[in-house]
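Reader: I'd like to go through this one with you and ask how each label is earned. Can we take it step by step?

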Amino acid sequence: MDDLWANALYSLAPTVLVGVLFWIIMRAIIRADRTERNAYARVEAEERARLGLDKPAG
């Protein structure tokens with residue numbers, strides 16, 4: 001019976017590890033995108049304020 005559980009663990013481990021790795025990579029990409037969008041919006045707002053333009057409609 002011990003071999004059954006060991007084999008089950010060894011069978012599932014690669015799938016779980018790849019899933020966790022995928023999740024970590026996707027989380028990093030999404031966070032980087034969100035941070036970049038916030039930085040771009042901040043720069044754009046500063047430029048609009050410097051030029052005296054109205055705020056964007058959307």
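Reader: To start with the charges, how far apart are the mean positions of the positive and negative charges of the protein chain?

Author: They sit 9 Å apart, taken over 8 positive and 8 negative charges. Keep in mind that this is a predicted model.

Reader: What makes the protein chain more spread out than a compact globule?

Author: Start with the secondary structure, which comes to 1 helix and 0 strands. The radius of gyration is 23 Å, while the globule rule gives 10 Å for 58 residues, so the chain is well over that value and counts as more spread out. The C-alpha trace fits with this picture, spanning about 75 × 15 × 10 Å along its principal axes.

Reader: How many of the residues are buried, as a percentage?

Author: Buried residues make up 0% of the 58. The cut-off for that word is under 20% relative accessible area. As for the surface, the chain exposes about 5,700 Å², with carbon and sulfur atoms supplying 65% of it.

Reader: Val 18 and Tyr 40: how far apart are they in sequence and in space?

Author: They are 22 residues apart in sequence and 33 Å apart in space, C-alpha to C-alpha. Val 18 is found in helix α1.

Reader: And why is Val 18 called exposed?

Author: Its relative accessible area is 56%, and exposed means over 50%. So Val 18 earns the label.

Reader: What about Met 26, why is that one called partly exposed?

Author: Met 26 has 33% relative accessibility. Buried is under 20% and exposed is over 50%, with partly exposed in between, so Met 26 counts as partly exposed. Met 26 is found in helix α1, which covers residues 2–51. Met 26 also belongs to a nonpolar surface patch of about 590 Å², made together with Leu 21, Phe 22, Ile 25, Ile 29 and Ile 30.

Reader: On to the salt bridges. How many are there?

Author: The count comes to 3. In general, side chains of opposite charge can pair when their charged atoms come close.

Reader: How do you know that Asp 33 forms a salt bridge with Arg 37?

Author: Their closest N and O atoms are 3.0 Å apart, and the cut-off is within 4 Å, so the pair qualifies. Both lie in helix α1, 4 residues apart, about one turn of the helix. Asp 33 is partly exposed at 38%, whereas Arg 37 counts as exposed at 58%.

Reader: What makes Glu 44 and Arg 48 a salt bridge?

Author: The N to O distance is 3.6 Å, which is within the 4 Å limit, so this pair passes too. Being 4 residues apart in helix α1, Glu 44 and Arg 48 are separated by about one helical turn. Glu 44 is partly exposed, with a relative accessible area of 31%, and Arg 48 is partly exposed at 25%.

Reader: Why is Arg 48 not called buried, then?

Author: Because buried means under 20%, and Arg 48 has 25%.

Reader: And how do you know that Glu 47 and Arg 50 meet in a salt bridge?

Author: Their side chains come to 2.7 Å, N to O, so they are within the 4 Å limit. They are 3 residues apart in helix α1, which again makes about one helical turn. Glu 47 counts as partly exposed at 36% relative accessibility, while Arg 50 counts as exposed at 59%.

Conventions: Residues numbered from 1 in each chain as written. Predicted model: local features only at pLDDT ≥ 70, side-chain atom pairs only at ≥ 80, totals over all residues. Heavy atoms only, no water. Patch = residues over 30% accessible without salt bridge, like charges linked within 9 Å, V, L, I, M, F, W, Y side chains within 5 Å. Areas by Shrake-Rupley, 256 points an atom, 1.4 Å probe, with all protein chains shown as cover. Helix = DSSP H or I, 4+ residues; strand = E, 2+ residues; numbered from the N terminus. Buried < 20%, exposed > 50% of the residue type's maximum accessible area, 1.4 Å probe, protein only. Rg over C-alpha atoms; globule rule 2.2 N^0.38 Å. Lys, Arg positive; Asp, Glu negative; His and termini not counted. Charge placed at Lys NZ, Arg CZ, Asp CG, Glu CD.
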